[in-house]
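Q: I'd like to learn how to read a structure feature by feature. Can we take one together and go through it step by step?

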Amino acid sequence: MSDPVSSTANIYVPEEWSEAADSIAYDSVTSPPPVSFICGPKNSGKTTFSRHLLNTLLQRYQKVAYLDTDVGQPEFTAPGFLSLTVVDKLTPDLAIPCLKTPERCFFFGDVSSKRDPSTYLKYIFTLYDYYRKEYCIFDKRENPVRTELPLVVNTPGWVKGTGYEILVDMLKYISPTHVVKIYISAQNKNLPGGAFWFDGDGDCDGMVNIIEIKSARQDSFNRSVLVQKDACLLRDLRIMAYFRQCFPSDKPITTIKELAYALASHSPYEVPISSIKIRHLHCQVPSTEIYYSLNATIVGLAVTSEESEDLPWCVGLGIVRGIDTFKGLLYVITPVPQSILEKVDLFLQGFIQIPTCLLQVN
């Protein structure tokens with residue numbers, strides 16, 4: 001099922017964008033590889049530039065790491081995730097998003113960081129630390145096969161108020177080699193010029209390369225033309241694309257109605273209630289209602305970390321189709337393979353909802 005909003009957009013990559021991507025990929029040293037931080041207001045083209053930069057980097061490097069911090073419009077996962085994905089193939093069409101299995105991810109459970117900025121940042125910092133450990137700071141004599149990977153950090157378009165403060169914290173922690181700021185014609189919506197995240201008591205010259213570019217979509221007066229995307233529709237499409245993976249790619253499912261019927265008739269996994277802990281994100285639920293609150297909802301399927309209970313790695317999403325408290329079973333629909341599902345010991349319930357169109361099966 002293609003995305004009718006994105007697939008019809010006329011993607012134009014201006015020369016300024018190509019020069020920016022080339023300077024990151026080819027004008028920097030290979031060791032350590034570049035760490036690029038892409039930021040700007042909503043609908044400025046951050047995701048499109050990030051895809052273009054990924055393709056450019058893949059012409060020099062065999063693999064590129066991608067840290068996605070946009071929980072509302074993530075690049076390679078369903079909404080609600082913060083993820084680190086290792087990409088090894090070019091994206092032929094910059095207009096069509098595609099799902100990939102991340103190297104590591106957390107289920108934040110909301111489409112904005114507003115409800116819990118501290119947890120949001122903690123997840124991002126943990127993913128970045130994982131990238132550093134696995135793909136930057138390791139003993140090459142002990143691991144001659146492993147190679148250092150460049151990193152692209154994609155960010156949300158919330159750049160004012162608390163969103164600005166979150167962005168500053170991210171920049172200070174990650175300390176990127178390149179910061180790409182995309183500007184639009186509405187000056188009051190743009191980020192400040194220069195290295196705005198520095199406190200001013202230090203000299204940042206030579207520490208970071210700041211690249212400032214204009215939004216790609218412009219009118220005859222050279223003004224940015226923002227494409228007003230239907231965020232809710234895009235999120236529903238990504239969720240439907242995710243659960244479409246429950247079925248073989250050659251199964252004839254071409255419409256939303258066909259997907260709804262297929263999911264309704266799909267045999268769910270039986271998960272013993274005794275083997276699962278329930279955690280409600282961003283809200284509190286009475287203990288007597290914990291299991292009933294899961295019915296007909298989307299949950300993050302997580303594995304408790306040995307290092308910290310507050311940092312459970314997530315392996316995917318599931319739809320709780322039903323609950324049998326007498327048999328002590330949860331009935332779950334998910335594309336996650338059974339071998340991985342058997343390791344899941346924690347269900348995370350947030351505010352990611354099943355698209356209404358999938359519930360209307362007549």
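What follows is a dialogue about salt bridges, burial, backbone angles and contacts in this predicted model.

Q: Let's start with charges. How many salt bridges does the structure hold?
A: The general idea is that side chains of opposite charge can pair when their charged atoms come close. The structure holds four salt bridges. One of them joins E75 to R51, with the closest N and O atoms 2.6 Å apart.

Q: Which parts of the chain does the pair of E75 and R51 link?
A: Distant ones: E75 sits in the loop between β2 (64-68) and β3 (81-87), while R51 is in helix α2 (residues 46-58), and the two are 24 residues apart.

Q: Are E75 and R51 buried or exposed?
A: Both E75 and R51 are buried.

Q: What about E212: which residue does E212 form a salt bridge with?
A: E212 pairs with K181, and their closest N and O atoms are 3.2 Å apart. This pair also links distant parts of the chain, with E212 in strand β7 (residues 209-214) and K181 in strand β6 (residues 178-183), 31 residues apart.

Q: Is K181 buried or exposed?
A: K181 counts as buried because its relative accessible area is 0%, and the cut-off for buried is under 20%. Its partner E212 has a relative accessible area of 38%, so E212 is partly exposed.

Q: And D88, what does D88 form a salt bridge with?
A: D88 forms a salt bridge with K89, the closest N and O atoms being 3.7 Å apart. D88 has a relative accessible area of 45%, so D88 is partly exposed. K89 is exposed, because its relative accessible area is 56% and exposed means over 50%.

Q: Now charges on the surface. Which residues form a negative surface patch?
A: For a patch, you look for like charges joined within 9 Å, on residues with over 30% relative accessible area and no salt bridge. Here E15, E16, E19, D22 and D27 make up a negative patch. Two of its members can be placed: D22 lies in helix α1 (residues 15-26), and E19 is in helix α1.

Q: Why does D22 count as partly exposed?
A: Partly exposed is the range between the buried and exposed cut-offs, 20% and 50%. D22 falls there because its relative accessible area is 34%. E19 does so as well, with a relative accessible area of 47%.

Q: Let's turn to helix geometry. How many residues does helix α3 have, and what should they span?
A: You take 1.5 Å a residue and compare the result with the end C-alpha atoms. Helix α3 (residues 117-135) has 19 residues, so the expected span is 27 Å; the end C-alpha atoms are 27 Å apart, which agrees.

Q: Which residues of α3 are buried?
A: Quite a list: T119, Y120, L121, Y123, I124, F125, T126, L127, Y128, Y130, Y131 and Y135. D129 is in helix α3 too, but D129 is partly exposed, with a relative accessible area of 36%.

Q: What about backbone angles: where does N43 lie, and what is the phi of N43?
A: One thing to look for is a positive phi in a residue other than glycine. N43 shows this, with phi near 60°, and lies in the loop between β1 (35-39) and α2. At 21% relative accessibility, N43 counts as partly exposed. S175 also has a positive phi, about 50°, although S175 is not a glycine; its place is in the loop between α4 (162-174) and β6.

Q: Last one: how do I read separation along the chain against distance in space?
A: You set the sequence separation of two residues beside their C-alpha distance. E19 and I213 are 194 residues apart along the chain, and their C-alpha atoms are separated by 10.0 Å. For D129 and I174 the figures are 45 residues and 9.0 Å.

Q: Where is C246, and how far apart are the C-alpha atoms of C246 and I333?
A: C246 is in the loop between α5 (231-244) and α6 (256-265), and is buried, with a relative accessible area of 14%. The C-alpha atoms of C246 and I333 are 7.9 Å apart, with their positions 87 residues apart along the chain. I273, in the loop between β8 (269-272) and β9 (277-280), counts as buried at 13% relative accessibility. I273 and T325 are 52 residues apart in sequence and 8.2 Å apart in space, C-alpha to C-alpha.

Methods
Residues numbered from 1 in each chain as written. Predicted model: local features only at pLDDT ≥ 70, side-chain atom pairs only at ≥ 80, totals over all residues. Heavy atoms only, no water. Patch = residues over 30% accessible without salt bridge, like charges linked within 9 Å, V, L, I, M, F, W, Y side chains within 5 Å. Areas by Shrake-Rupley, 256 points an atom, 1.4 Å probe, with all protein chains shown as cover. Salt bridge = Lys/Arg side-chain N within 4 Å of Asp/Glu carboxyl O. Lys, Arg positive; Asp, Glu negative; His and termini not counted. Charge placed at Lys NZ, Arg CZ, Asp CG, Glu CD. Helix = DSSP H or I, 4+ residues; strand = E, 2+ residues; numbered from the N terminus. Buried < 20%, exposed > 50% of the residue type's maximum accessible area, 1.4 Å probe, protein only. Expected span 1.5 Å × (residues − 1).
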